[in-house]
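Hi,

Here is the structure I said I would pass on. Have a look at it first, and my notes follow underneath.

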Amino acid sequence: MSDAMTTPDSRRVFVDKRSPKAYHALVQTSEAVRATAADAGLDRVLVELINLRVSQLNGCAYCLDVHTRAALRAGESTQRLGVLAAWRDTEVFTPRERAALALAEATTHPADATAQETAYGAAREVFGDDELSAVIWVAITINAFNRVSILSKHPVRRAPGSSAPGR
């Protein structure tokens, strides 16, 4: 076993490459969720904030890399990206964003029933049914992609033209 089906260290399998039908189904789900979010009125910045926060919680370097670039393309600021991990301690996120981030965290850690109920209640106050459902689906989907990338150990490579570490 080798080629694009395994990671460079040969101890991990790129599950997306090894099981392309399953991965393609996940991609199709992601596309449907993206359309659902847009139809519900969630803007791309909010979707990317959810993707990033869930990826932070899960420690998925690959998805953090992908969605940081996507958030910047969508118009997100570097300041807000820099403080996203501590979003509760800042004033730079709107009440809707805060509710979405809390609900995304509760979706990522559903075993904390108290936090889940609190987050769901707060989200209910600022989101309609379609928006609420879309936020949850975005969080569910990025959680799935995080697991694919984490367990496959998808590498994060230095961007072309970026400086060497320590400079």
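**What I found**

Let's start with Asn146, which touches Val54, Ser55, Asn58, Cys60 and Cys63, leaving aside residues up to four places away in sequence. Keep in mind that this is a predicted model. Asn146 sits in helix H8, residues 129-152. Is Asn146 buried or exposed? With a relative accessible area of 0%, Asn146 is buried, because anything under 20% counts that way.

Three of those names lead straight to helix H3: Val54, Ser55 and Asn58 are listed among the buried residues of H3. So on to that helix.

H3 has 15 residues, and its first and last C-alpha are 21 Å apart, close to the 21 Å expected at 1.5 Å a residue. Just after H3 comes Gly59, with a positive phi near 70 degrees.

How many of the 15 residues of H3 are buried? Twelve are, so the helix is mostly covered. Among them are Val45, Leu46, Val47 and Glu48, and also Arg53. The cover over these buried residues includes helix H2 (20-40), helix H4 (61-73), helix H5 (78-83), H6 and H8.

One polar residue in H3 that I looked at separately is Asn51. Asn51 has a relative accessible area of 6%, so it is buried too. Leaving out residues up to four places away in sequence, Asn51 touches Arg44, His67, Val138 and Ile142. Arg98, on the other hand, is 47 residues from Asn51 in sequence, and their C-alpha atoms are 14 Å apart in space.

Now the packing of H3 on H6. Two packed helices are described by the angle between their axes and the distance between the axes. For H3 (residues 44-58) and H6 (residues 95-108), the angle is about 40 degrees and the axes are 9 Å apart. That angle makes H3 oblique to H6, and H3 passes H6 in a right-handed crossing.

Which residues meet there? From H3 come Leu46, Leu49, Ile50, Arg53, Val54, Leu57 and Asn58, and from H6 come Glu97, Ala100, Leu101, Ala104, Glu105 and Thr108. The residues of this contact divide into eight nonpolar, two polar and three charged. Val54 and Asn58 turn up here as well as in the Asn146 list.

That is what I have on Asn146, H3 and H6.

Cheers

Definitions and conventions:
Residues are numbered from 1 along each chain as its sequence is written. This is a predicted model: local features need pLDDT of at least 70, side-chain atom pairs count only at pLDDT 80 or more; totals for chains, interfaces and linings use all residues. Side-chain values use heavy atoms; hydrogens and water are left out. Helices (H or I, at least four residues) and strands (E, at least two) are DSSP runs, numbered from the N terminus. Buried means under 20% relative accessible area, exposed over 50%, partly exposed in between (1.4 Å probe, protein chains only). Contact means heavy atoms within 4.5 Å. Axes are lines fitted to C-alpha atoms, for helices over the stretch in contact, and angles run from 0 to 180 degrees between N-to-C directions. Angles under 35 degrees count as roughly parallel, over 145 as roughly antiparallel, 65 to 115 as roughly perpendicular and the rest as oblique. A crossing is left-handed if the near helix is turned anticlockwise from the far one by less than a right angle, and right-handed if clockwise. The expected span of a helix is 1.5 Å times one less than its number of residues.
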